[in-house]
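Here is a friendly walk through one structure, meant to be read with the model open beside you. Let's start with a charged side chain and work outwards from there.

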Amino acid sequence: MNTKAIQTTLDACLNDGDLSELNQIIIPSEGVFLTGSVVMYSGQELYVESGGLLLGSENEEDYPLIDILPSYGTGRDVDSDLRYRPLIFGENLTHVAVSGSGVIDGNGGLWWQKHFKHELEWSRPRLIEFMYSEDITVQHLTLQNAAFWTVHPYASSRILVQGLTILAPGYAPNTDGVDPDSCKDVIIQDCYFSLGDDGVAIKSGYNEYGRDFATPSENIYIRNITIDPQFDNLSTNGISIGSEMSGGVRNVTIEDVRIVGCEAGLYIKSDEGRGGIVEDISYRNIYLNRTLQAVKFVMHYSYRRQLGEGNEAQRSKHTSHTPEDETIPTFRNIQVRDVYGEFIAQAGMITGLEDSFMKNVSITNVTLNGALGFYCQYAIGTYDNVSPSLDDCFVAP
């Protein structure tokens, strides 16, 4: 077990000078280095050399318990007031990096089994998480088999994620690739994802906890990524916003993306109770293949598949609300253009709520070769050069 040696080195390599000149802690090129959770500091770079493997422990005791995230109010996968500290962790940092050309492996198999058997008392550890930090870089590594989310910047800014290969089996639960959560000024580029859940999932907290935390995810640029899971396990989505978006998500650009074999390709999801505003979202130059639903913007989120005319039983549970009700989500100003898909089961589903119409949706130059067309409800938008046709789908603006 190498936890003590790695943590002692991190503790000894504190940066007392120019934090932008990072002190480098190297995981060597030969050998497997088994470790529990370690904590990084400002001005440090954890660098895994080619051929080096940093391997997470399977033992729960090697991950100290820390507080749950304030914007969630509970453990994300277990209803709890504590969670296991991530494998690589830091908070209140400036200038920190995890990089190299080696491998960081979360060794998640036993964690996944315990999750499926409901044997865990606390929420599983993320692979890499930095909280309340700025100038974060995660790059050029292979990250695999996370026990839970893989890269999770939280309430942080100026984040660069690039050149990553992120892997997990198709059955591995909640193994999202990159989840910027209440973050701003984020770039995610030049990455490959093959996982058991969303490639990228932009978040900002859950229900009243997220609204009280009141920190949106904003100014996010995603480009040149491929998402290609082993198989669709009903949760393997391409790029998602939500469903935990109660603090708001705005100013997101997604372009030059390839999505293969997913449940939903371009996915914005929320539900009554969430509140929050999703706005100013742009998708362009997207290729999709063998995807169940190419475009899925829904304000009645459910884990169940929703094809054809949607889940009427679930929507029937909606109740009347006043216009100013903060629990009602808002989607507006969403642009989709230059999208091509083949072997698509359904072109898309775009559904707002009776009390909160989706507004200003624009779909242009989109061709989706599939068996079913678009289904829309409570959505106001425009379209041009779209196949299958969106005729009679939107409410006119």
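In this predicted model, D179 touches W149, V151, H152, P153, V200, A201 and K203, leaving aside residues up to four places away in sequence. D179 is found in the loop between β16 and β17. What is the nearest side chain of opposite charge to D179, and how far away is it? That side chain is K203, at 4.4 Å, and D179 is buried yet has no salt bridge. The cut-off explains why: a salt bridge needs a side-chain nitrogen of Lys or Arg within 4 Å of a carboxyl oxygen of Asp or Glu.

**Salt bridges**

- Side chains of opposite charge can pair when their charged atoms come close.
- A search of the whole structure finds 15 salt bridges.
- One of them joins the side chains of K114 and E60, at 2.7 Å from N to O. Since K114 lies in helix α2 and E60 in the loop between β5 and β6 (65-67), this pair ties together parts that are 54 residues apart in sequence.
- K114 counts as buried because its relative accessibility is 17%.
- The side chains of D135 and R158 also meet in a salt bridge, with 2.9 Å from N to O. This pair links distant parts of the chain, with D135 in strand β12 and R158 in strand β15, 23 residues apart.
- Within that pair, D135 is buried at 19% relative accessibility, whereas R158 is partly exposed at 40%.
- E255 and R284 form a salt bridge through their side chains, at 2.6 Å from N to O. E255 belongs to strand β21 and R284 to strand β23, so the pair ties together parts that are 29 residues apart in sequence.
- Here E255 counts as buried, at 12% relative accessibility, and R284 as partly exposed, at 34%.
- R76, K203 and E244 are joined into one network by salt bridges that share partners.

**Helix α2**

- Which residues of α2 are buried? They are W111, W112 and K114. Because they cover an arc of only 165 degrees around the axis, they sit on the same side of α2.
- The buried residues of α2 pack against β7 (82-84).
- Just after α2 comes H118, which takes a positive phi of about 60 degrees.

**Aromatic pairs**

- A pair of aromatic rings is described by the distance of the centres and the angle of the planes.
- The whole structure holds 11 aromatic pairs. In the pair of W112 and Y171, the ring centres are 6.0 Å apart and the planes stand at 80 degrees, so the pair is edge-to-face.
- W112 lies in helix α2 (residues 109-116) and Y171 in the loop between β16 (165-167) and β17 (184-194), so this pair ties together parts that are 59 residues apart in sequence.
- The two partners are covered to differing extents: W112 counts as buried at 5% relative accessibility, while Y171 counts as partly exposed at 48%.
- One aromatic cluster is formed by Y63, Y84 and W111.

**Strands around β23**

- Strand β23 (residues 277-298) is mostly covered, with 16 of its 22 residues buried.
- Strand β21 (residues 249-260) runs parallel to β23 and is joined to it by 10 bridges. In this pairing, V257 stands opposite I286 of β23.
- Strand β22 (residues 264-269) also pairs with β23 in the parallel sense, over 5 bridges. The bridge partner of K269 in β23 is V298.
- Strand β24 (residues 330-351) runs parallel to β23 too, and 17 bridges join them. V278 has F331 as its bridge partner in β24.

**Other strand pairings**

- Strand β12 (residues 134-139) pairs with strand β15 (residues 157-162) in the parallel sense over 5 bridges. T137 stands opposite L160 in β15.
- β15 is joined to β17 by 5 bridges, and the two run parallel. L160 has I187 as its bridge partner in β17.
- Which residues make up the covered face of strand β2 (residues 32-35)? F33 and T35 do, while V32 and L34 form the uncovered face.
- β2 runs parallel to strand β5 (residues 53-56), with 4 bridges joining them. T35 stands opposite G56 in β5.

Key. Residues numbered from 1 in each chain as written. Predicted model: local features only at pLDDT ≥ 70, side-chain atom pairs only at ≥ 80, totals over all residues. Heavy atoms only, no water. Phe/Tyr/Trp six-rings, centres within 6.5 Å; stacked < 30°, edge-to-face > 60°. Buried < 20%, exposed > 50% of the residue type's maximum accessible area, 1.4 Å probe, protein only. Lys, Arg positive; Asp, Glu negative; His and termini not counted. Contact = heavy atoms within 4.5 Å. Pairing = 2+ DSSP bridges. Arc of directions from axis to C-beta.
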